[in-house]
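This report walks through a structure, feature by feature. Keep the sequence and the 3D view open while reading.

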Amino acid sequence: MDVWDSYKSRLDAKGTTLRDARLQREQRYINRKLPSSLSYHTVVVDGVARQLAVINSDNLDIKTLCALPGEDILNGALVEWQDNRWLVIGEDVNNEIYKKAVMQQCNYLLRWIASDGTIVERWCIISDGTKYLTGETISSYNDNGMSLGDTRISMMIARDSYTVQLNRNNRFLIDDYNSPTVLAYRLTKPFKLGGVYNGHGVMSFVLTEVNTEDDDNLELHIADYYKYFPRSSSTPESSEAEQEQSLSDGKKVWF
Amino acid sequence: MSREAFLGLDELFDYKNQLMEDILTNEKIISLLSGDAQSQTSADSLVYTQVFPFEYVPDVTEQAKTFICCEVDIREVTDKTFLDPAIYIWVFTHKSKIRLPEGGVRTDKLAAEITSVINGSRMYGLGELNLYSVKRFSPITDYQGRTLTFYAKDFNRLSPTNKPIPANRKRG
């Protein structure tokens, strides 16, 4: 490098244009000042410890995250901070100076069994979808007939290889883990596109209350658990002799 | 039986009481009412939780269960001497419990068991209790079953009733 090149690179170090110079000055300023801010915290993002600014909002369960210039925050990431789990529910893609995202406090650890038999756990945000309804539905057959629970809730959960497989066949047990009774819900609105961009983000589902079933594990809060992991004291099944007898009658049991 | 018994509608209690006894003392019916994975439920604990002596399941149902409800109507009073009671039995279960592990449909089997116990029974009124109809029944979303209807015959009242005669009534 000759003298001229050295001189030019020294000039370009702070930006080749006025805009670049302003951009770099802003980034340097943030890099220098942000770590001394009271909002600057160590948080765990998707299992990795990082330093981010966590900025309060009027909604106590929603915070804004700001990263140092050049660092990224992925939409749908799980943040562990202050003994709580938070879900990144939105990101600003305009990250020229720094990356900004919004996170919301999670309130439930959802458990279910995926189609490959894996027990999956994901933190999510459960909220009431029927604030002013009674939460009960009456039989259409008879006004004096039976009634079922009709609670409808919404669930925000990060998109990943397991949650993207969720559909209307999925049931969940969602309730306080100390509650003596557990409510079951079925995914009735598997809308997956609302908050997902470029394969990252959160999906907002609507779930409707259904009855708990015999195959549900109410202690672990996992629906259909015993379909995959049969009880040790197995269900009463017909003996081989009974099966043979039913077949020897000439009539096959089809259902 | 006391004279008063032939003047009131004791059938409403007597029939239901007999029916509850017939249902709750039958092991097959108790087994079908219990969950597949649960241990055998005691008969007493089923009363007003899964077996109801009226056409109503009072609590909000949160757990998939099988229910039996029964009701007694007086279908027709044919004359001063006889009346025609009808017994209605609703058998219904959650869709997750419809299919039996050994094959078959739970509500069909329950309907068959109940019918085999009480059809032709002489414990309900005069003569034999007769099956009149078996129809499909779906009380609410996710629940399906059958309605069994039985007809009986019983006494209306004794004649004369020995009720007091008003003082201003002309007497012959």
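Which residues gather in a patch of positive charge on the surface? The model is a predicted one. In it, the patch is made up of A:Arg10, A:Lys14, A:Arg22, A:Arg25, A:Arg28, A:Arg32 and A:Lys33.

## The positive patch

Helix 2 of chain A spans residues 18-33. This helix supplies the largest share of the positive patch, with five residues. A:Arg22 is placed in helix 2 of chain A, and A:Arg22 also belongs to the patch.

## Hairpins and pairing in chain A

Strand 4 of chain A covers residues 78-81, and strand 5 of chain A covers residues 84-92. The two run antiparallel and are joined by four bridges. Within this pairing, A:Trp81 stands opposite A:Asn84 of strand 5. The connection is a hairpin with two residues between the strands. In the turn, A:Gln82 has a positive phi of about 55 degrees.

Strand 5 of chain A also pairs with strand 6 of chain A, residues 100-105. The sense is antiparallel, over six bridges. Here A:Val88 stands opposite A:Met103 of strand 6.

## An aromatic contact in chain A

How many aromatic pairs are counted over all chains? The count comes to 18. One of them joins A:Trp112 and A:Phe172: the ring centres are 6.0 Å apart and the planes meet at 85 degrees, so the pair is edge-to-face. A:Trp112 sits in strand 7 of chain A (residues 108-113) and A:Phe172 in strand 12 of chain A (residues 171-173), so the pair ties together parts that are 60 residues apart in sequence.

## Chain B in outline

Chain B holds four helices and seven strands. Along the sequence, the pattern is α-α-α-β-β-β-β-α-β-β-β. Along the principal axes, the C-alpha atoms of chain B fill a box of roughly 75 × 30 × 30 Å.

## Strand pairing in chain B

Start with strand 3 of chain B, residues 66-76. Strand 1 of chain B (residues 51-52) pairs with strand 3 in the parallel sense, over two bridges. B:Val51 has B:Ile68 in strand 3 as its bridge partner. Strand 3 also pairs with strand 4 of chain B, residues 82-94. That pairing is antiparallel and runs over ten bridges. B:Ile68 appears here too, with B:Val91 in strand 4 as its bridge partner. A hairpin of five residues joins strand 3 of chain B to strand 4 of chain B.

A further hairpin links strand 5 and strand 6 of chain B, with two residues between them. Strand 5 covers residues 130-140 and strand 6 covers residues 143-151. The strands run antiparallel, joined by eight bridges. B:Phe137 stands opposite B:Gly145 in strand 6. In the turn, B:Asp142 has a positive phi of about 80 degrees.

## A sheet across the two chains

Which strands make up the open sheet with the mixed pairing? The order is 9(A)-10(A)-2(B), giving three strands. Strand 9 of chain A (136-138) and strand 2 of chain B (60-61) stand at the edges, each with a single partner strand, so one side of each is left without a neighbour in the sheet.

The link between the chains is the pairing of strand 10 of chain A, residues 147-149, with strand 2 of chain B. These two strands run parallel and are joined by two bridges. A:Leu148 has B:Thr61 in strand 2 of chain B as its bridge partner.

Technical notes:
Residues numbered from 1 in each chain as written. Chains lettered and ligands numbered in written order. Predicted model: local features only at pLDDT ≥ 70, side-chain atom pairs only at ≥ 80, totals over all residues. Heavy atoms only, no water. Patch = residues over 30% accessible without salt bridge, like charges linked within 9 Å, V, L, I, M, F, W, Y side chains within 5 Å. Areas by Shrake-Rupley, 256 points an atom, 1.4 Å probe, with all protein chains shown as cover. Salt bridge = Lys/Arg side-chain N within 4 Å of Asp/Glu carboxyl O. Lys, Arg positive; Asp, Glu negative; His and termini not counted. Charge placed at Lys NZ, Arg CZ, Asp CG, Glu CD. Pairing = 2+ DSSP bridges. Phe/Tyr/Trp six-rings, centres within 6.5 Å; stacked < 30°, edge-to-face > 60°.
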